[in-house]
Amino acid sequence: MRGVFICIEGLDGSGKSTQAKRLTKKLCEAGYNAVFTAEPSKGKIGHFIRKRLFEHKRLPPTVEALLFAADRIEHVQNTIVPALKENKIVVSDRYVYSSLAYQGSAGLNLDWIETINANAQKPDLAIFIDVAPELVLDRLKRKKSVMENFQTQQCVQEIYQKYVTQGLLKRVDGAKSKNGVTEALYTEVICFLKKIKA
Ligand code: TYD
């Protein structure tokens, strides 16, 4: 099978990181060659971004968007494309829809965000784990980043929903039990893999 690029999107605290890791594990157990990765990436720009977010220092939105886009290019070149060339299934915890939703929620033009990300590899399948903003912030027991306030999360949610409506993001109900969400996510991915194989 050729390489397949899947990204998992959602609000902070939606469980998407856990679910993306569980999905990768389940795919490997089923005999697929799957690898997990995440954004912000482990590269220099990714480290810088993460540090800023947890220092509660939000950068000007334009700078933020350009940094995430630059981190993405590094991520694509160093991790995603090499794995796809080895015909692996790449599962990324966040990708370009995070920039559209988060930097879009900061007031940036969505077309411009798309333009600065135009050179990044297109995902074959993008999935949104849908959990209400009211629920996610309650779930976050860890130290919160600067993004994790109700107003931001609500606006981020609205932008994600827009892409669901346009059919660009597949919605998975994230309000189910942890195992229920894993099953729904896995079923969605297996359906897609069967479809592209046929
Ligand atoms: P997150 O997935 O929460 O990382 P971790 O689980 O390691 O803390 O991502 C950190 C924050 O970065 C999150 O609030 C969303 C934000 N973000 C953007 O604003 N734009 C982007 O393009 C990406 C990839 C993330």
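Which residue in β3 is the bridge partner of Ile8? Keep that question in mind while you set up the view. The model on your screen is predicted.

**Stop 1: the sheet**

Show the strands. You should find an open sheet of five strands, in the order β2-β3-β1-β4-β5. The pairing is parallel. Strands in a sheet pair through backbone hydrogen bonds, in either a parallel or an antiparallel way. Now pick out the edge strands, β2 (34-38) and β5 (170-173). Each of these two pairs on one side only. Look along the sheet as well: neighbouring strands are turned against each other by 25° on average, ignoring direction.

**Stop 2: strand β1**

Select residues 4-10, which form strand β1. Colour the strand by burial. Seven of its seven residues are buried, so β1 is mostly covered. In a regular strand, side chains alternate between the two faces of the sheet. Turn on the side chains here and compare the two directions. Val4, Ile6, Ile8 and Gly10 point one way from β1. Phe5, Cys7 and Glu9 point the other way.

**Stop 3: the neighbours of β1**

Add β3 to the selection. Strands β1 and β3 pair in the parallel sense, over five bridges. Find Phe5 in β1: its bridge partner in β3 is Val90. Next, find Ile8. Here is the reply to the opening question: the bridge partner of Ile8 in β3 is Asp93.

Now add strand β4, residues 125-130. β1 and β4 run parallel and are joined by five bridges. Ile8 has a place here too, opposite Ile127 in β4.

**Stop 4: Asp93**

Centre the view on Asp93, in strand β3 (residues 89-93). Is Asp93 buried or exposed? Asp93 has 6% relative accessibility. Buried means under 20%, so Asp93 counts as buried.

What does Asp93 touch? Leave aside residues up to four places away in sequence, and the list is Ile8, Lys16, Ser17, Ala20, Phe36, Thr37, Ala38 and Glu39. Show these side chains around Asp93. Then try a distance: from Asp93 to Pro61, C-alpha to C-alpha, you should get 21 Å. Along the sequence, these two residues are 32 apart.

**Stop 5: helices α1 and α8**

Select helix α1 (residues 16-29) and helix α8 (residues 178-197). Their axes come within 10 Å and cross at roughly 55°. That angle makes α1 and α8 oblique to each other. The crossing is right-handed.

Show the side chains where the two helices meet. From α1, select Thr18, Gln19, Arg22, Leu23, Lys26 and Leu27. From α8, the contact residues include Val181, Leu185, Tyr186, Val189, Ile190 and Leu193. Colour the whole contact by residue type: eight are nonpolar, four polar and four charged.

**Stop 6: helices α2 and α3**

Finish with helix α2 (residues 44-54) and helix α3 (residues 61-85). Their axes come within 8 Å and cross at roughly 145°. α2 passes α3 in a left-handed crossing.

Which residues make this contact? On α2 they are Lys44, Ile45, Gly46, Phe48, Ile49 and Leu53. On α3 they are Glu64, Leu67, Phe68, Ala70, Asp71 and Glu74. Colour them by type again: seven are nonpolar, one is polar and four are charged.

Key
Residues are numbered from 1 along each chain as its sequence is written. This is a predicted model: local features need pLDDT of at least 70, side-chain atom pairs count only at pLDDT 80 or more; totals for chains, interfaces and linings use all residues. Side-chain values use heavy atoms; hydrogens and water are left out. Helices (H or I, at least four residues) and strands (E, at least two) are DSSP runs, numbered from the N terminus. Buried means under 20% relative accessible area, exposed over 50%, partly exposed in between (1.4 Å probe, protein chains only). Contact means heavy atoms within 4.5 Å. Axes are lines fitted to C-alpha atoms, for helices over the stretch in contact, and angles run from 0 to 180 degrees between N-to-C directions. Angles under 35 degrees count as roughly parallel, over 145 as roughly antiparallel, 65 to 115 as roughly perpendicular and the rest as oblique. A crossing is left-handed if the near helix is turned anticlockwise from the far one by less than a right angle, and right-handed if clockwise. Ala, Val, Leu, Ile, Met, Phe, Trp, Tyr, Cys and Pro count as nonpolar, Asp, Glu, Lys and Arg as charged, and the others, Gly among them, as polar. Two strands pair if DSSP finds at least two bridges between them.
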